[in-house]
Amino acid sequence: MKISAKKKLKRVMFCQIPVILLSPFKDISPHLYNSTVNMIHLRSIMGKLTFIAAFCFFVLFSNQSFSQDGKALFSQNCASCHAINKDLTGPALAGVEDRWPDKKMLYSWIKNNQAVIKSGYPYAVDLYNKWNKTQMNLFTSLPDKDIDAILGYIKVEGSKPAVDPNKPVPGGVVAEEGDNTLLFGILTLILAIVAFVLLQVNANLKKLADDKEGIPATEPVPVWRNKVYIMFATLVLFTIGGYYTVMGAIGLGRSQDYQPEQPIFYSHKVHAGTNQISCLYCHGGAQESKHANIPSVNVCMNCHMAINEYKGEALYTAEGEEVNGTNEIKKLYKYAGYEEGKPWDATKAKPVEWVKIHSLPDHVYFNHSQHVAVGKVQCQTCHGEITKMNEVYQFADLSMGWCINCHRETKVQFADNGFYSIYEKYHEDMKNGTMDSVTVANIGGTECQKCHY
Amino acid sequence: MVNVIAISGCSDVKREPGSIYMPDMAYSRAYETYSERDSTIFTSEENHSDDKIFYNTLPVTGTIARGEELPFPLTKDAAGDTANYAASKLIANPLPPLTAEELKESERLYLINCGICHGAKLNGNGPLYKDGNGPYAAKPAALVGDAKYENMPDGQMYYSILYGKNLMGSYASQLNRDQRWKIIHYIKAKQAEAKGGSAPVAVDSATVVKK
């Protein structure tokens, strides 16, 4: 299914139109109204059904208090290294009871794995070697009944079928909406033709009336030689052509909306939006240097050593093609030289060659730390709503007018700031009340040599 | 007219940066950050330094910046060994207790770098874990509320930040030495606060800084 990002956005917006907003359309197009309202109702019913199902599921399993204790104990003691269905620092635990040849040995392993290894028990020694001799924590004081509860919890969780994240969510697809620009274009064209026809009719009627009254008719001038029409058409072409020529010329060397394809489909929406990772986690250089650094592969691997699959909502490229998030993580592993299940050797990593989007000409000096750390400017002010971008595009045109405009409007923290103590006149004016705030422009933010030197 | 056709011909996704007219002083003659070095002139491998200019962007091993904390004396344990991790317990935090202002800065650094996993409340339940509903499968350490971490000496925490531990990666590239020790101070202060004691905040002239 190919849907452009724009249409997708419209779709989302379309779903959120409350029924009330639609009511004026009831009279205009009852069919459209009914189908849309039904769709909204259907969706809310589906939502409720899903909720009820999830609730039943929850109640069903939470009734097993045994398993519930196990969950707490598991989370407290095991979860930092083990998951049920996934290898982490330690192996996945689903089916652990079946794997161990002797249940008694499993219990003594959990309590003191080092003692079991020393005793030379073959399964334990194999396991220890297979996991690169990673030592498991000792749980000598964990009573048998707690281990029972944990194992019970693992059994219940391990037997659950894995949820397929790629399964489409039921709820129906909202009818596609046509692009309005085309509609308006056609309407304009029709109106223009109607106006033209009416003008012709008017001329013909005038001619008829003139004939009747005996006024001699002048030779009619054909449309293509009518000076008024020619002048009008020239004017329109000149205006439109001139507009696009000027806009194109201004846009030369600027690259607003530039949205290159990156080597890995890295979604800022997923990382900075859904998962709330601070911009400065990866781009920490923005607060201490001229450049907002591109994170090296080890920063990605901080999380992606454990996160090896993508389970969130479907991802689409700007062209509307669906992206498999898990495959994109695999691409990262290739750059990192990481093989799942083995310890990562960071020296094997190769840098990812990301495509630079925001470029300033060399004759402009721009310093990130000056804006981020001193000026406390939000990243989004210049980079747009990054937390909503799957693929990043250049939000601002980065023109000089754009810079200057912000410098004129942005107020600096002037009071109680030792850095600005030399501006005696402004301090005086602030005291007298002739000036209520100091902008960046006031302290030289529009001087040429501030940015060009 | 040509412009009109050219513009209407484009799709709405702009994959190319567009053209530039007479790029006067637009591109840097000097090597800029992240710009590719000419491989016929430069090399990043030391054993090729005879015929090319050797440059690998790293400072000489053992370089210490002015005012920087001294490096951690222990190296990373080999796989299966925990000797240095155990030894790290004996290394004390070289920084004096934090002033109120430093504590605020440390909190900011903690929230940026650690909070996503260990949680804003230090309970090991950050937005990436979310009680097991987040994308991160392993439960991050509960720095507050778990006796193991409350009793963990500063040096051992530093070892984990510097080299990583279990699934946690190394934060050596994201935090400098000073910041790492400060964050440990912050964690210890929060742990003390949770236990009911007052946070060991130094009271000196810096705490009365104008806000």
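**Buried cores and a two-chain contact**

Biologist: Let's start with B:Ile187: is this residue buried or exposed?
Modeller: In this predicted model, B:Ile187 has 22 other C-beta atoms within 10 Å. The cut-off for that class is 20 or more, so B:Ile187 counts as buried.

Biologist: Which residues does B:Ile187 contact, leaving aside neighbours within four places in sequence?
Modeller: B:Ile187 sits in helix α7 of chain B. One of its partners, B:Met157, is 30 residues away in sequence, with a C-alpha to C-alpha distance of 9.8 Å. With sequence neighbours up to four places away set aside, the contacts of B:Ile187 are B:Leu122, B:Leu143 and B:Met157.

Biologist: How about A:Trp402, is that one buried or exposed?
Modeller: A:Trp402 belongs to helix α19 of chain A, residues 400-409. Around A:Trp402 there are 14 other C-beta atoms within 10 Å. Buried needs 20 or more and exposed needs 12 or fewer, so A:Trp402 falls in between, as partly exposed.

Biologist: And which residues is A:Trp402 in contact with, beyond its neighbours within four places in sequence?
Modeller: A:Cys382 lies 20 residues from A:Trp402 in sequence and 9.8 Å from it in space, C-alpha to C-alpha. The contacts of A:Trp402 beyond four places in sequence are A:Ala396 and A:Asp397.

Biologist: On to the cores: which element gives the largest share of the largest nonpolar core?
Modeller: That core has 63 residues, and those with the most contacts inside it are A:Ala306, B:Tyr136, B:Ala138 and B:Ile183. Two or more residues each come from α10, α14 and α15 of chain A, and from α3, α4, α6 and α7 of chain B. The largest share is six residues, and it comes from α7(B).

Biologist: Which domains of chain A does this core lie between, and why?
Modeller: Two domains of chain A both give residues to the core, so the core lies between them. One is 65-158 and the other is 268-398, that is, domain 2 and domain 4.

Biologist: Which residues does B:Ala138 touch, not counting those up to four places away in sequence?
Modeller: B:Ala138 is among the residues with the most contacts inside the largest nonpolar core. Within chain B, and again not counting close sequence neighbours, B:Ala138 touches B:Leu167. From chain A its partners are A:Ala79, A:Ser80, A:Cys81, A:Ala83, A:Leu88, A:Thr89 and A:Ala306.

Biologist: What gives the most to the side of chain B that touches chain A?
Modeller: The contact involves 53 residues of chain A and 42 of chain B. On the chain B side, α1 (2-9) and α3 each supply at least two residues. With three residues, the top contributor is α1(B).

Biologist: By class, how many charged residues has the side of chain B that touches chain A?
Modeller: That side draws on 42 residues of chain B. Of these, 24 are nonpolar and 13 polar, and the charged ones number five.

Biologist: Where does pLDDT stay under 50 in chain B?
Modeller: Overall, chain B has a mean pLDDT of 82, and 88% of its residues reach 70 or more. Where pLDDT is low, the predicted coordinates should not be read in detail. For chain B, the stretches under 50 include residues 1-9 and residues 202-211.

Biologist: Last one: what ipTM does the predictor give the complex?
Modeller: The pTM of the complex is 0.70. The ipTM is 0.84.

Notes. Residues numbered from 1 in each chain as written. Chains lettered and ligands numbered in written order. Predicted model: local features only at pLDDT ≥ 70, side-chain atom pairs only at ≥ 80, totals over all residues. Core = buried A, V, L, I, M, F, W, Y, C linked by C-beta atoms within 7 Å. Helix = DSSP H or I, 4+ residues; strand = E, 2+ residues; numbered from the N terminus. Domains from an automatic or database assignment. Contact = placed C-beta atoms within 7 Å. pLDDT = per-residue confidence, 0-100. Nonpolar A, V, L, I, M, F, W, Y, C, P; charged D, E, K, R; others polar.
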